[in-house]
Amino acid sequence: MVEQVEISSLDLRYQGYRMRCPGAEKALLLSILDKGIRDPLQGIDTKQCRILLDGFKRYRCAKKLEIGIVPYCSLSSDEATGIIELIRRSNATSLGILEQAKLIDELKSVHHMSISEIARLVDKSKGWVGMRVGLIGQMSPLVMRKIFGGKFPVYAYMYTLRRFIRMNGINKNEIDEFVGSVAGKQLSIRDIELLAQGYFKGSDELQRQIKSGDILWALSRLKETHKHAGDCTELERQMLRDLEITQKYMQRVSCKSQDKRFTTNGFFAQANLLSGGILRQLGPFTQTIRQFYDRTGKA
């Protein structure tokens, strides 16, 4: 049932659980200015207060336009039940996967609900819920703030950074440094992908330039490199692929070698032989790569 309530009566504790999108909010502001608030805000009516769950963009637009009374609909009188109802409706609303994940994490960590219980109540599989629990667990507080604050696109995290995490064993601190360097710069998804390639797989100089905030220089260098990549011969392309694979596996081995789950004698015997062989090649390999780096840098 929709009712008219004072905007000052709404508790905003879940505002940080919903994505900000300045562009969409600007368009909504113009729509509300012309037609008013057409869809009611949704929340939870507890004995103490009304807790807003959905409609934060409408709320902020109303505040800017000094609208004191807004349409409102209660989802439940119980906090956990209200969150579950919002997730159940999320296929028909704009609730994104990370917003679902954050709300599910709230149910799990604050309301002490199991994955099985949440899955049953939101009418989804345990795999659906578990994937979202794992997703939010991978994110650092800094990355979460940047994404939910509209400073870093969720698509770039989901389909670019997560790929680097899975394939290259990059840790959260490195992801934090990259996101902190490029967030809020109004970059396109493509530009962020290029910068990530350069930051995690490029030279130390390129990484330093991105860290120091010289984004335009780094982008120019990367775009120039990609522009000339199509001119390479087949032999040159094979060499580039070999270099990329070598770098990838060096990063992966460096990360995995610290794993404490390696325990069997058979593993240690074989690993010792293989790592010894690598060490014997390391000196000549390092010298060759250094010479190759100097040679290609003069081109």
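**Exercise 1. Cysteines**

How many disulfides does the count come to? Work from the predicted model shown above.

*Solution.*
Step 1. Set the cut-off: two cysteine sulfur atoms must lie within 2.5 Å.
Step 2. Take Cys61. The nearest cysteine sulfur belongs to Cys21 and is 11 Å away, so Cys61 is in no disulfide under the 2.5 Å rule.
Step 3. Take Cys73. Its nearest cysteine sulfur is that of Cys49, at 17 Å, and Cys73 is in no disulfide either.
Step 4. Give the total. The count is 0 disulfides.
Step 5. Add the surroundings. Cys61 has a relative accessible area of 1% and is buried. Cys73, at 13%, also counts as buried.

**Exercise 2. A salt bridge between two helices**

Find the salt-bridge partner of Glu25, and state which helices the pair ties together.

*Solution.*
Step 1. Place Glu25. It lies in helix α1, residues 22-35.
Step 2. List its contacts, leaving out residues up to four places away in sequence. Glu25 touches Lys57, Arg60, Cys61 and Lys64.
Step 3. Pick the partner. The side chains of Arg60 and Glu25 meet in a salt bridge, with N to O at 2.9 Å.
Step 4. Read off the elements. Arg60 sits in helix α2 and Glu25 in helix α1, so the salt bridge ties together parts that are 35 residues apart in sequence.
Step 5. Is each partner buried or exposed? The limit for buried is under 20% relative accessible area. Arg60 is at 11%, so it counts as buried. Glu25 is at 9%, so it is buried as well.

**Exercise 3. One glutamate, two arginines**

Which arginines form salt bridges with Glu193? State how each pair is placed along the chain.

*Solution.*
Step 1. Start with Arg163. Its closest N and the closest O of Glu193 are 3.8 Å apart, in a salt bridge.
Step 2. Locate the two ends. Arg163 is in helix α8 (residues 154-168) and Glu193 in helix α10 (residues 189-201), so this pair joins parts 30 residues apart in sequence.
Step 3. Turn to Arg190. Its side chain meets that of Glu193 in a salt bridge, N to O 3.8 Å.
Step 4. Check the spacing. Arg190 and Glu193 are 3 residues apart in helix α10, so about one helical turn separates them.
Step 5. Compare with the accessibility classes. Arg163 is partly exposed at 26%. Glu193 is partly exposed at 24%. Arg190 is partly exposed at 45%.
Step 6. Widen the view. The structure holds 15 salt bridges. Arg18, Asp54, Arg58 and Glu99 are joined into one network by salt bridges that share partners.

**Exercise 4. Nonpolar cores**

Describe the largest nonpolar core, then name residues of a second one.

*Solution.*
Step 1. Size the core. It has 35 residues.
Step 2. Find its best-connected members. Leu10 and Ile87 have the most contacts inside it.
Step 3. Trace the elements. Those giving two or more residues include strands β3 (41-45), β4 (50-54) and β5 (69-76), along with helices α2 (56-64) and α3 (79-88). Helices α4 (97-109), α5 (115-122) and α6 (126-138) are also among them.
Step 4. Name the top contributor. Helix α3 gives the largest share, 5 residues.
Step 5. Look around Ile87. Beyond four places in sequence, Ile87 is in contact with Leu95, Leu103, Ile104, Leu107, Val122 and Trp128.
Step 6. Move to the second core. It is separate and has 34 residues, including Met144, Ile147, Leu161 and Phe178.

**Exercise 5. A nonpolar surface patch**

Identify the residues of the patch and the helix that gives the most to it.

*Solution.*
Step 1. List the members. Met250, Ile278, Leu279, Leu282, Phe285 and Ile289 form the patch on the surface.
Step 2. Give the area. Together these residues have about 560 Å² accessible.
Step 3. Name the helix. Helix α14 (residues 265-297) gives the most, with 5 residues.
Step 4. Place Met250. This residue is in helix α13, residues 234-256.
Step 5. Classify Met250. Its relative accessibility is 48%, so it counts as partly exposed.

**Exercise 6. Around Ile115**

Which residues does Ile115 contact, leaving aside those within four places in sequence?

*Solution.*
Step 1. Place the residue. Ile115 lies in helix α5.
Step 2. Classify it. At 28% relative accessible area, Ile115 is partly exposed.
Step 3. List the contacts. They are Lys108, Lys126, Val129, Gly130 and Val133.
Step 4. Add a distance. The C-alpha atoms of Ile115 and Gly150 are 29 Å apart, with their positions 35 residues apart along the chain.

Note on methods
Residues are numbered from 1 along each chain as its sequence is written. This is a predicted model: local features need pLDDT of at least 70, side-chain atom pairs count only at pLDDT 80 or more; totals for chains, interfaces and linings use all residues. Side-chain values use heavy atoms; hydrogens and water are left out. A nonpolar core is a set of buried Ala, Val, Leu, Ile, Met, Phe, Trp, Tyr and Cys residues joined through side-chain atoms within 4.5 Å. Buried means under 20% relative accessible area, exposed over 50%, partly exposed in between (1.4 Å probe, protein chains only). Helices (H or I, at least four residues) and strands (E, at least two) are DSSP runs, numbered from the N terminus. Contact means heavy atoms within 4.5 Å. Patches are made of residues with over 30% relative accessible area and no salt bridge: like charges are joined within 9 Å, nonpolar side chains (Val, Leu, Ile, Met, Phe, Trp, Tyr) within 5 Å. Accessible areas come from the Shrake-Rupley method with a 1.4 Å probe; for residues, only the protein chains shown count as cover. A salt bridge is a side-chain nitrogen of Lys or Arg within 4 Å of a carboxyl oxygen of Asp or Glu.
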